[in-house]
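Please open the structure in your viewer and keep the selection tool at hand, since each stop of this tour begins with residues to pick out. Show side chains as sticks if you can.

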Amino acid sequence: MTTARIEARKGSRLSLESIVFKDIIGQEQAIAVLKNAVTSERLPGTYLFTGPASVGKSTAARAMAQALNCTGERDDLSDGCGACYSCKAIAEGTQPDVRSAAPSGPSRMLRIPQFWPRDGVKDHPADRAMLRDLHYAPVRSKKRVFIIEETEAFNDDTANSLLKVLEEPPPYALFILTATSEGSVLPTIASRSQTVRFRRIDIPTIESIIAQKPGVDADHARFFASYSEGQIGVALRMVETPGLIAVRETILDIASDLTGGAPQIQAFKIADELRKAADKSLGKKDETSEGPRTALTRAIDMLLLWYGDLLRIRVAPESASLVNRDRSSQMHMHAPHFEAESLRQAARILLDTRRYIERNANAQVALEAAAMQLLSLPRAR
């Protein structure tokens, strides 16, 4: 089994593949802590898994649930077998003693009705509240495991409703919370939890995993790995996004136009082409939770990698390790036309544009302004 489905959540196509501790790559220290706890049976009432998004926190939480509740034959009693009824049901989200909650709705908040039964809440029916039967022992498991994702999304009311439970859960219950950092969680929550830290995974490791995927060549594997910035889930979701490789080619053609000396009058046309290219990566509405702004920020990130490569060539042409190495000859042709400071300015323009779009600015206007500024950058003489 591979890590091909790590962190396939957050609204994307959920995997039914069972991933156990031994399948999780790049988090050896965190996994060692968890396996030791399983073996020694010295578990806190509440764990807090911290680290960047898409590095394996939620995957590890489910692997922990499998390790604690596995009913299959296995040599390593600190890990799940991945094949028994319990392991498969946990992976599929159908094991009644393992439940999860994540931010929902436009506000992306964790709300009280997700945890405690409240009548008349359409989005969160009372019979589906996570803790509706907390005080009953497991039905067919050793431990009841409650996974709460992105706990920085707690508001005070929701957090306060859980404080006593997190401090003194029933002996058969384990809470696993995830967050980007300990500091992003309310102190009242963090103080009741044992923290396990997850880290970004090195780019060569992600690259080697991506290269094993069908239809992904070495150049694309390097690109997706570099784009992910150590977040393996980001790289895997991109690989599994239909048509994204073709979209990348279009965006790099646009990048070539931006750095190839196109006249400023082309700014509006280039901005429109960029938006249309980004939209093509969205897929069908029932396949992804991404919206047009997410697709646009991804396209901008691809442009950032292009300008980053140009800067590497400009500063150290002989030793430059390029992200877009399949476009090496094209970039070596463009790079000499810019001073290093102009390329740094291009990065600042794109980062500002990304921030404007994330803050709900008019995306088309932001793209047009960025294209105009990029085409206006001073060129080397």
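The tour goes from aromatic rings to charged side chains and then to cysteines.

Bear in mind throughout that this is a predicted model, and that the distances and angles quoted below are computed from it.

**Aromatic rings**

The structure holds six aromatic pairs. Begin by selecting Phe49 and Phe198, whose ring centres lie 5.2 Å apart with the planes at 45 degrees, so the pair is tilted. Phe49 belongs to strand β1 (residues 46–50), whereas Phe198 sits in the loop between β5 (194–197) and α6 (203–210), and the pair thus links distant parts of the chain, 149 residues apart. Are these two residues buried or exposed? Both Phe49 and Phe198 are buried. Now add Tyr47 to the selection, and you will have a cluster in which ring pairs link Tyr47, Phe49 and Phe198.

Move next to helix α7 (residues 218–228) and select Phe223 and Tyr227, which are four residues apart and therefore separated by about one helical turn. Their rings form a tilted pair, with 6.3 Å from centre to centre and 35 degrees between the planes. Phe223 and Tyr227 are both buried. While Phe223 is still highlighted, add Arg248, which lies over the face of the Phe223 ring at 4.5 Å from the ring centre.

**Charged side chains**

How many salt bridges does a search of the whole structure find? The search finds 29 salt bridges, and the next selections visit some of them.

Select Arg99 and Asp133, which form a salt bridge whose closest N and O atoms are 2.7 Å apart. Arg99 lies in strand β2 (residues 98–101) and Asp133 in the loop between β2 and β3 (144–148), so this salt bridge ties together parts that are 34 residues apart in sequence. Despite its charge, Arg99 is buried, with a relative accessible area of 13%.

Then select Arg325 and Glu207, whose side chains meet in a salt bridge at 3.3 Å, N to O. Because Arg325 lies in the loop between α11 (292–315) and α12 (328–334) while Glu207 is in helix α6, the pair ties together parts that are 118 residues apart in sequence. Arg325 is partly exposed, with a relative accessible area of 33%, whereas Glu207 is buried, at 16%.

Select Arg314 and Glu339 next; in this salt bridge the closest N and O atoms are 3.5 Å apart. Arg314 is in helix α11 and Glu339 in the loop between α12 and α13 (340–358), so that distant parts of the chain, 25 residues apart, are linked. Both are partly exposed, with relative accessible areas of 31% for Arg314 and 43% for Glu339.

Finish this section by selecting Arg248, Glu249, Asp253, Asp326 and Arg327 together, which salt bridges with shared partners join into one network. Arg248 is the residue already seen over the face of Phe223.

**Cysteines**

The last selections concern cysteines, for which the count of disulfides is zero. Select Cys70 and Cys81: Cys70 is in no disulfide, and the nearest cysteine sulfur, that of Cys81, is 3.5 Å away, beyond the 2.5 Å cut-off for a disulfide. Cys70 counts as buried, at 4% relative accessibility. Then select Cys87 and Cys84, where Cys87 is likewise in no disulfide, its nearest cysteine sulfur, that of Cys84, being 3.6 Å away. Cys87 is buried as well, with a relative accessible area of 0%.

Notes
Residues are numbered from 1 along each chain as its sequence is written. This is a predicted model: local features need pLDDT of at least 70, side-chain atom pairs count only at pLDDT 80 or more; totals for chains, interfaces and linings use all residues. Side-chain values use heavy atoms; hydrogens and water are left out. Rings of Phe, Tyr and Trp (its six-membered ring) pair if their centres lie within 6.5 Å; planes under 30 degrees apart count as stacked, over 60 as edge-to-face and the rest as tilted. Helices (H or I, at least four residues) and strands (E, at least two) are DSSP runs, numbered from the N terminus. Buried means under 20% relative accessible area, exposed over 50%, partly exposed in between (1.4 Å probe, protein chains only). A charge sits over a ring if NZ of Lys or CZ of Arg is within 6 Å of the ring centre and within 35 degrees of the ring normal. A salt bridge is a side-chain nitrogen of Lys or Arg within 4 Å of a carboxyl oxygen of Asp or Glu.
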